[in-house]
Amino acid sequence: MMRIDGRCTGKYKVVSFVASHNGHDLVSPTKTHFLRSHRSITAALASQADDLDSSGIAPRAGFTLMAKQVGGREKVGFIFEDYKNYLRLKRTVEMKIGDTGGVLEYLQQRQLDDPNFFYAIQVDEDDLIANILWVDAQMMADYAHFGDVVSFDTTYRKNKEGRPFALFVGVNHHKQTIVFGAALLYDETASTFMWLFDTFSRAMSGKKPITILTDQDAAMAKALATTWPNTCHRLCIWHIYQNAAIHLSSVFASFTNFSKDFSSCIYDYEEEEDFLNAWKEMLRAYGLETN
């Protein structure tokens, strides 16, 4: 350890020096893959990552597969973030030069045709386009009248990379579905959603919905709590039903009438007490009660 001081004389001076080592434990061999100096994606590993990506395997699943093949994550030679960053850079490089210019040209032309047309682009640390949001004049007008309750959905996907196509959707006074805004996203992280929700409210003159319906996504919930803390966040009942059907598939298959009774509990009761009574009765009828 060495301490240098220059406050009194204006010249730097070594005021103390300890030559002995401080004695902290060195990184164990099983953890060296966390050190930046020890992480690298070789040509062979990059080729394997390309094959996994082109086969449509999700990044996390692809990295897990590579780890299993070599006997553990510590033997891969890099961490998951390196793998994800490599795929992201590769996809950006592979993007045709005209694609980005074409998107910008289209958005700019829409704004020329409609001065009220709004679009925003978020770039990453390399100044590359990551997320795009757009809202036209009709969407703004509809949101001003019917934007108290909004459904936000990212279940749509675009191209083989699975880029989320996000929609802000509502219902008008004729019970017709209307779109308040649309976005092309790079990923579904909390930071992406925070940018999207903040930008959407700015596009709508600061108005935030009273209630928003989403699927059961932790990143969305975190972003909403940060950007729209006063908005009531509710889960979409359709997504709840789909998740239940997946996790209770054996129960659905074992009992012919379970699907009907489960749907009745989910959709037919508006009062909390009525729902709880029906739910308890259904659990009792099918032997699903827990101690």
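These legends accompany an overview and several close-up views of a predicted model.

Local features in this predicted model need pLDDT of at least 70, side-chain atom pairs count only at pLDDT 80 or more, and totals for chains, interfaces and linings use all residues. Residues are numbered from 1 along each chain as its sequence is written, and side-chain values use heavy atoms, with hydrogens and water left out.

**Figure 1. The whole protein chain, with 11 helices and nine strands.** Helices (H or I, at least four residues) and strands (E, at least two) are DSSP runs, numbered from the N terminus. The radius of gyration is 27 Å, whereas a compact globule of 291 residues would have one near 19 Å; the value is taken over C-alpha atoms, and the globule rule is 2.2 Å times the number of residues to the power 0.38. Along the principal axes, the C-alpha atoms fill a box of roughly 75 × 60 × 50 Å. Of the 291 residues, 32% count as buried. Here buried means under 20% relative accessible area, exposed means over 50%, and partly exposed is in between (1.4 Å probe, protein chains only).

**Figure 2. Cysteines without a disulfide.** How many disulfides does a search of the whole structure find? The search finds zero, where a disulfide is a pair of cysteine sulfur atoms within 2.5 Å. Take Cys236: its closest cysteine sulfur belongs to Cys232 and is 14 Å away, so the two are too far apart for a bond. Cys236 is buried, at 18% relative accessible area. For Cys265, the closest cysteine sulfur is in Cys236, and because 18 Å separates them, that is too far for a bond. Cys265 is buried too, with a relative accessibility of 4%.

**Figure 3. Ser201 and its neighbours in helix α6 and beyond.** Ser201 sits in helix α6, which spans residues 190-203. Is this serine buried or exposed? Ser201 counts as buried because its relative accessibility is 3%. Leaving aside residues up to four places away in sequence, Ser201 touches Gly206, Lys207, Lys208 and Trp228; a contact means heavy atoms within 4.5 Å.

**Figure 4. Lys175, a loop residue with a positive phi.** Look for Lys175 in the loop between β6 (163-171) and β7 (177-184). Its phi is about 60 degrees, although Lys175 is not a glycine. Lys175 is exposed, with 76% relative accessible area.

**Figure 5. Ser205, in the loop between α6 and β8.** This loop leads to β8 at residues 211-214. Ser205 has a positive phi near 55 degrees, in a residue other than glycine. With a relative accessibility of 74%, Ser205 counts as exposed.
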